[in-house]
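Dear colleague,

I am passing this structure on to you, with the sequence and the model shown just below. My notes on what was found in it follow, and I would be glad if you read them with the model open.

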Amino acid sequence: DKDQPTPQELRSQLENGRDEQKIEAMKRILSIMLNGDPLPQLLMHVIRFVMPSKNKALKKLLLVYWEVCPRTGPDGKLKAEMRLMCHALRNDLQHPNEYIRGNTLRLLCKLREDELLEPCVPAVRSCLEHRHAYVRKNAVLAIYSIYRHFEYLIPDAPDLIFDFLQKESDANARRNAFVMLFNTSQQKAVQYLQTHINQVSSFDEVLQLSVIELIRKDCRNPQADKAKYIQCIFSLLQSPAQAVKYEAANTLTALTSHSNAVKAAGNCYIELVLKESDNNVKLIVLGRLDELREKHDRVLDELVVDVLRVLASPDIDVRKKCLDIAFELTSTRNIDDVVSVLKKELLKTQDQEYEKNNEYRQLLVHSIHACAIKFPEVAAKVIHVLMEFLGDAGSTSAVDVVSFVREVMERFPALRASIIEKLLESFGEMKSGRVFRGALWIIGEYALDIPAIELAMKRVRECIGEVPILAAEQRQLEAANEEPTEEPKKESTKSSAPSRRVLADGTYATESAFSASVAQSKIDAVKSNANRPPLRNLILNGDFFVASALASALTKLVLRYGELGAPDRARNSLRSEAMLIMTSIVRVGRSEFVTARIDEDSAERVTACIRILSGTYGHSLDPVFLADTRRAFAQLVEVERASVAKAKSKTRKATVASHADDLITFRHLKSKRAVGDVSDEYDLDLTRATGAADKGSDLASKLNRVVQLTGFSDPVYAEAYVTVHQFDILMDILIVNQTSDTLQNLTVEFTTMGDLKLAERPTPYTIGPHGYHSVKANIKVSSTETGIIFGNIVYDGPSAVDMNCVILNDIHVDIMDYIKPSTCTEQQ
């Protein structure tokens with residue numbers, strides 16, 4: 001770096017500068033040292049010109065310098081200059097300013113040279129009696145650090161801290177002292193806790209957390225008084241601090257599996273979710289509640305209504321997690337209460353505007369659907385409430401309702417008559433084509449008596465409007481164009497010569513401006529009329545999938561009407577009416593009144609239905625419409641039910657408590673050291689959080705993702721570990737200096753090809769001889785194209801003018817790295 005000052009310039013600033021200049025010089029020195037250059041030639045100048053200063057900012061920078069500067073020589077022994085540093089530290093430990101004392105004590109926690117620490121021990125002990133709490137709490141940490149690394153310097157540290165803890169009143173100092181005791185002398189920490197166990201509820205939050213940690217550690221001891229510990233944890237469940245309540249609930253379930261304790265922990269989790277505002281915290285606590293539910297399923301059944309109170313949260317992820325837990329807690333004892341709450345929430349979505357209202361309504365419909373299938377006795381209570389949402393403008397929840405109704409119709413024959421009646425009442429309120437298709441299929445399959453068929457035909461006539469559709473639309477258009485017909489005729493005489501147009505068969509036809517304007521006016525009239533019946537509107541808007549579903553439903557109704565023994569006159573009237581509707585659909589689909597012409601598949605399907613009703617095929621295809629389609633759906637329902645049951649059985653088998661050949665551990669027969677090595681649930685959580693327990697991230701799979709960027713003979717060796725996560729590519733690059741020189745201003749520069757974008761600018765580094773450094777680069781992916789990442793490593797040469805460059809190998813990012821398989825449900 002050309003702006004980097006030389007050691008001589010830094011010396012002159014330290015020698016001749018004022019305090020402000022010395023502060024700036026010390027900042028530059030620390031920056032250079034943190035980049036890898038130790039600057040040993042400046043040590044005496046810092047001792048001579050910075051250490052005597054009384055400036056507080058300069059003192060703080062000096063403490064940072066003592067922390068990062070090399071304190072030992074090449075032989076590993078302490079430098080002679082460090083004796084002056086030791087004298088300065090001892091003076092600062094007796095300084096009248098409490099913050100200088102506290103910062104010096106914090107520095108002692110980071111020193112690992114016993115020759116420096118030994119002269120400071122008396123001063124550190126005296127700081128335990130200082131009037132200011134800041135000094136006392138840092139003195140405890142300094143004693144803890146010295147005792148942990150050099151026990152012989154303060155052999156009586158546990159007794160000293162135990163006496164200090166009895167007299168101390170500051171919360172942070174007591175917490176530090178207590179933490180030191182249960183890490184160095186757990187018996188003394190337990191002794192203190194037993195003496196003050198009735199006062200734990202009045203302790204400060206940080207000390208209560210330390211008490212919980214001690215209880216979690218000491219409960220393995222066979223001599224531990226578990227009853228008192230459980231009573232203490234119960235009292236901490238009422239703590240005003242949220243963190244204390246969460247840790248207390250975790251510890252309580254680890255200490256005992258009694259039903260009262262499990263219920264208390266569950267109530268605590270629910271209360272935390274209701275009171276906490278952070279959605280991430282809510283999801284974490286709900287995850288804990290779900291784990292508790294897996295271990296103690298039947299115990300928490302009584303809390304299901306309390307769990308559903310979490311639905312008041314506006315976040316959709318929290319609501320989804322809450323509904324999943326509530327569904328697993330549902331049983332025959334509480335299903336009525338659960339369904340009642342879900343029905344109220346569903347009705348609220350009509351009156352109130354939530355965030356992501358449609359998605360929340362879909363979740364509620366899905367939950368009610370699952371409850372009705374799991375507990376058939378509630379299906380009759382919820383089906384009519386759900387059917388009120390068939391006319392919902394958000395088609396997703398309405399489609400879920402239709403699929404639910406279809407499954408209920410198949411599984412519960414006793415409800416078919418009432419559901420058909422309710423479905424026909426709601427038929428005219430439907431808006432979505434997908435909902436109409438499902439409703440038409442249900443009507444065609446389950447309208448099983450003459451009154452139901454006649455009512456269904458009446459509703460279809462109302463929703464299709466006047467037939468034939470094409471003739472009715474032409475009359476409507478002519479009525480709308482009667483008044484302005486004269487002006488276009490006059491204008492047509494002034495129009496340009498007719499244009500020639502090539503028809504589908506290759507012949508020519510003439511088209512005037514008037515005929516083109518009439519055709520355009522027809523289409524505009526179709527689009528502008530919003531008062532048409534819903535089915536007619538869908539057909540004229542080009543949804544001929546609904547038209548084919550309508551033709552199939554009409555065919556089934558007519559065929560079943562004849563099988564039920566209806567009079568010939570009524571049967572023929574129904575047949576002719578159905579054929580008229582189908583014929584008008586085909587004719588209007590080939591006209592200019594629709595936004596999109598009818599496709600060949602739909603036209604062929606409707607035409608086949610017309611031929612069946614006309615008797616072209618006799619009665620050979622009647623069983624296909626009247627029996628085979630329902631049989632196929634019944635088989636589908638059974639397959640889905642069997643797959644769900646199989647998945648549940650696999651889940652139960654996967655969660656085996658212990659295998660027959662597992663090692664049985666007798667903690668009482670192990671040594672104390674071995675007992676201490678046994679990780680508890682809290683340690684396992686930390687292991688999972690750091691990813692150490694992930695079986696998928698084994699060494700072999702990691703090595704497969706390592707890409708070598710340079711050769712072994714290059715002065716700088718580099719390799720990258722590439723991780724692809726959805727739209728982010730994270731590269732962890734290891735850089736090794738294979739030379740005997742210090743490489744300054746080393747920069748890893750990347751360039752991308754394709755739809756990849758480098759998210760961060762490269763930062764220069766300084767690497768010592770045969771040293772190494774890890775660099776992370778983040779690249780954003782904006783499309784699914786295959787991209788290439790290439791670049792080089794640039795660093796300064798021996799002189800300021802020279803620049804060295806090492807070209808890196810290309811990294812190819814394949815599309816398959818960020819495409820993952822997924823599933824699509826029938827509703828989607």
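A word of caution comes before the rest: along residues 690–697 the pLDDT stays under 50, and for this stretch the model has six contacts beyond four places in sequence. Please keep in mind that this is a predicted model, and that a second stretch, residues 485–497, also stays under 50 in pLDDT, with three contacts beyond four places in sequence. The protein chain as a whole averages a pLDDT of 82, and 83% of the residues score at least 70. Among its elements, the highest mean pLDDT, 93, belongs to helix α9 (residues 133–149), whereas helix α35 (residues 672–677) has the lowest, 43.

Helix α9 is also a convenient place to begin with the packing, since its axis and that of helix α10 (residues 157–167) come within 10 Å and cross at roughly 160°. That angle makes α9 roughly antiparallel to α10, and the crossing in which α9 passes α10 is left-handed. On the α9 side the contact involves R136, V140, I143 and Y147, which meet A157, P158, L160, I161 and F164 of α10. Sorted by character, the residues of this contact comprise eight nonpolar, one charged and no polar.

A second helix pair lies further along the sequence, where helix α26 (residues 450–464) packs with helix α31 (residues 544–563) at an angle of about 150°, their axes being 10 Å apart. Here too the angle makes the arrangement roughly antiparallel, α26 against α31, and α26 passes α31 in a left-handed crossing. From α26 the contact draws on I450, I453, E454, A456, M457, V460 and I464, while α31 supplies L550, L554, L557, R560 and Y561. Of the residues in this contact of α26 with α31, ten are nonpolar and two are charged, with no polar ones.

Turning to the strands, you will find an open sheet of five strands in the order β3-β4-β5-β9-β7, with antiparallel pairing. Its edges are formed by β3 (706–708) and β7, each of which has a single partner strand, so one side of each is left without a neighbour in the sheet. From one strand to the next, the twist averages 30°.

Within that sheet, strand β5 (residues 728–737) and strand β9 (residues 772–781) run antiparallel and are joined by nine bridges. If you wish to follow this pairing residue by residue, D728 stands opposite K780 in β9, and L730 stands opposite N778 in β9. Strand β7 (residues 756–758) likewise runs antiparallel to β9, to which three bridges join it, and in this pairing L758 stands opposite I779 of β9.

The remaining pairings that I noted involve strand β6 (residues 743–753), which pairs with strand β8 (residues 765–767) in the antiparallel sense over two bridges. In that pairing, the bridge partner of L743 is I767 in β8. Strand β6 is also joined by seven bridges to strand β10 (residues 787–796), and these two strands run antiparallel, with T747 standing opposite V794 in β10.

With best wishes

Definitions and conventions
Residues numbered from 1 in each chain as written. Predicted model: local features only at pLDDT ≥ 70, side-chain atom pairs only at ≥ 80, totals over all residues. Heavy atoms only, no water. Axes fitted to C-alpha atoms, helices over the stretch in contact; angles between N-to-C directions. Helix = DSSP H or I, 4+ residues; strand = E, 2+ residues; numbered from the N terminus. Parallel < 35°, antiparallel > 145°, perpendicular 65-115°, else oblique. Left-handed = near helix turned anticlockwise from the far one by under 90°. Contact = heavy atoms within 4.5 Å. Nonpolar A, V, L, I, M, F, W, Y, C, P; charged D, E, K, R; others polar. Pairing = 2+ DSSP bridges. pLDDT = per-residue confidence, 0-100.
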